[in-house]
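Hello,

Here is the structure we talked about handing over. My notes on it follow below.

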Amino acid sequence: MTDATTDATTAAGHEPEIASLHHLCRLLAEAAEAVGDASRYASELALGSRLPRHARGGGARRTLLRTITDPKGLGWAPRGRGLARIGRLAGVFTSRESLAVSLAVTGLKARIRAAAVTHPELLRDPDTARVLEAVQRDRQREAVRVFRSILAAKGAERTFARLAPVFADLLAWNALTDENPLNDRAGWEIATGRTLTGAEPVLGISGRVWAFLDRGPGRAEPLVPSPALTERLDTSGTIAGYVRNIGAVGTGGTLLVQQVVGPDGVQRYVVQLAGMSGVSGKSPQDLLGAVHAVARPATPYSRAVAQALRRLVPSGSELALVGHSLGGITAMNLAADRDFCGIHQVTHVVAIGSPVDGKRPADPRTRVYSLVNEHDVVPALEGRSPVSAYALPEQFTEFTWTDDTHAFPLCHAAERYAHNLEHAVPEASARVDRALAPFRGRVTAARFFRLYDR
């Protein structure tokens with residue numbers, strides 16, 4: 001188990017020291033950005049109209065052109081608009097690399113090597129070792145071919161779980177070095193420790209496209225649960241119990257809100273949000289909604305939940321938002337919504353197996369807990385791996401661990417997370433339970449809602 005505020009530990013024996021590798025990769029990312037800025041400025045001078053009047057002779061412009069095209073200089077480095085943009089695209093399509101990209105890729109390799117220290121199985125396993133070796137040698141096509149062969153031989157379940165600790169870094173490396181210009185921005189955001197905001201890193205489809213396709217206003221209707229579901233509900237007030245409830249509710253578009261009278265006699269509410277339901281459907285918890293929620297703060301899912309809570313919860317009441325997978329993303333999206341936080345007081349967010357590290361609550365008093373199995377690939381889909389070189393802000397506490405389930409999506413299931421919290425990392429459970437102590441008391445009501453896109 002690791003805490004976001006805990007210093008990185010050193011590896012034993014001859015292995016490189018993780019903190020040093022993380023420091024190196026951050027320096028390389030900063031250098032890559034500085035070189036990128038220099039490339040953009042040189043491009044504007046060489047290909048635009050910003051060159052000073054006294055230096056507009058052919059010699060000065062030719063020198064600048066050599067600077068942004070010479071492998072011994074900035075590499076193939078045109079950046080900017082107009083001719084610079086055309087030049088950059090020509091370099092992408094012909095696989096010409098710039099110095100800025102080379103530095104960013106070297107930083108990603110340092111991050112991958114640091115992850116291999118923490119997860120030696122990455123190098124012990126012959127298949128994943130072949131992928132990482134191809135990455136280290138800049139053999140992109142070979143790495144992709146090996147990855148596909150592993151998928152065919154061992155299936156997605158084992159492959160994604162094995163590579164989960166370095167999955168985000170591999171996506172960024174591929175985005176920066178492939179012939180697709182649309183995913184370059186995503187590759188840069190991951191390489192420099194930023195949150196994915198513009199596009200996803202595989203095809204580079206813009207977040208605006210996902211927002212256009214997922215435009216429902218969201219709708220919530222009260223639901224009468226089956227007696228069997230009601231009997232299964234956990235009322236212990238523990239984080240493991242909440243995760244079990246999320247597993248019991250399922251991913252069919254159902255929201256559970258438990259009304260609790262705490263030890264101090266104050267009535268509070270625990271909102272429990274489930275993950276993705278499937279590829280498509282009337283529920284806002286489908287695949288489209290999941291991709292949309294990573295990139296954008298407001299989705300049909302978050303709007304439907306907000307609508308349900310406006311009906312049920314008195315203004316100013318304290319809320320704890322507990323969500324698994326897409327439910328965790330939606331919990332953070334609600335906590336980041338100033339209008340929502342103007343009505344409700346979000347004191348805690350607990351995200352389980354969710355890519356939420358780039359999101360920030362609107363209220364600085366809100367505490368965020370992120371619980372991650374390091375072989376679960378889903379938390380890395382926003383660009384930050386569970387063994388990231390970049391620390392989270394003080395508002396966040398992150399607990400990560402590994403268990404013996406190296407198969408995805410089994411290791412991502414709510415039931416598996418509940419099992420881990422009880423048996424693999426009870427100290428993490430205890431920390432979260434202590435934080436949620438005001439919400440631990442007599443459950444006076446359990447309300448259900450069915451959620452819809454429209």
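**Contacts, cores and surface**

Of the contacts (heavy atoms within 4.5 Å) in the protein between residues at least 6 apart in sequence, 70% join residues at least 24 apart. This is a predicted model, in which local features need pLDDT of at least 70 and side-chain atom pairs count only at pLDDT 80 or more, while totals for chains, interfaces and linings use all residues. Residues are numbered from 1 along each chain as its sequence is written, and side-chain values use heavy atoms, with hydrogens and water left out.

Buried residues (under 20% relative accessible area; exposed is over 50%, partly exposed in between; 1.4 Å probe, protein chains only) make up 55% of the 454 residues.

The largest nonpolar core (buried Ala, Val, Leu, Ile, Met, Phe, Trp, Tyr and Cys residues joined through side-chain atoms within 4.5 Å) has 38 residues, and V166, L170, L176 and W188 touch the most other members. Two or more residues each come from helices (DSSP runs of H or I, at least four residues, numbered from the N terminus) α1 (18-47), α4 (99-118), α6 (126-136), α7 (140-163), α8 (167-177) and α9 (184-191). The largest share, eight residues, is from α4. Beyond its neighbours within four places in sequence, L170 contacts I112, V131, L132, V135 and L163. A second, separate core of 37 residues includes L255, V294, V346 and F396.

L213 lies in helix α10 (residues 207-213). L213 counts as partly exposed because its relative accessibility is 48%.

Regards
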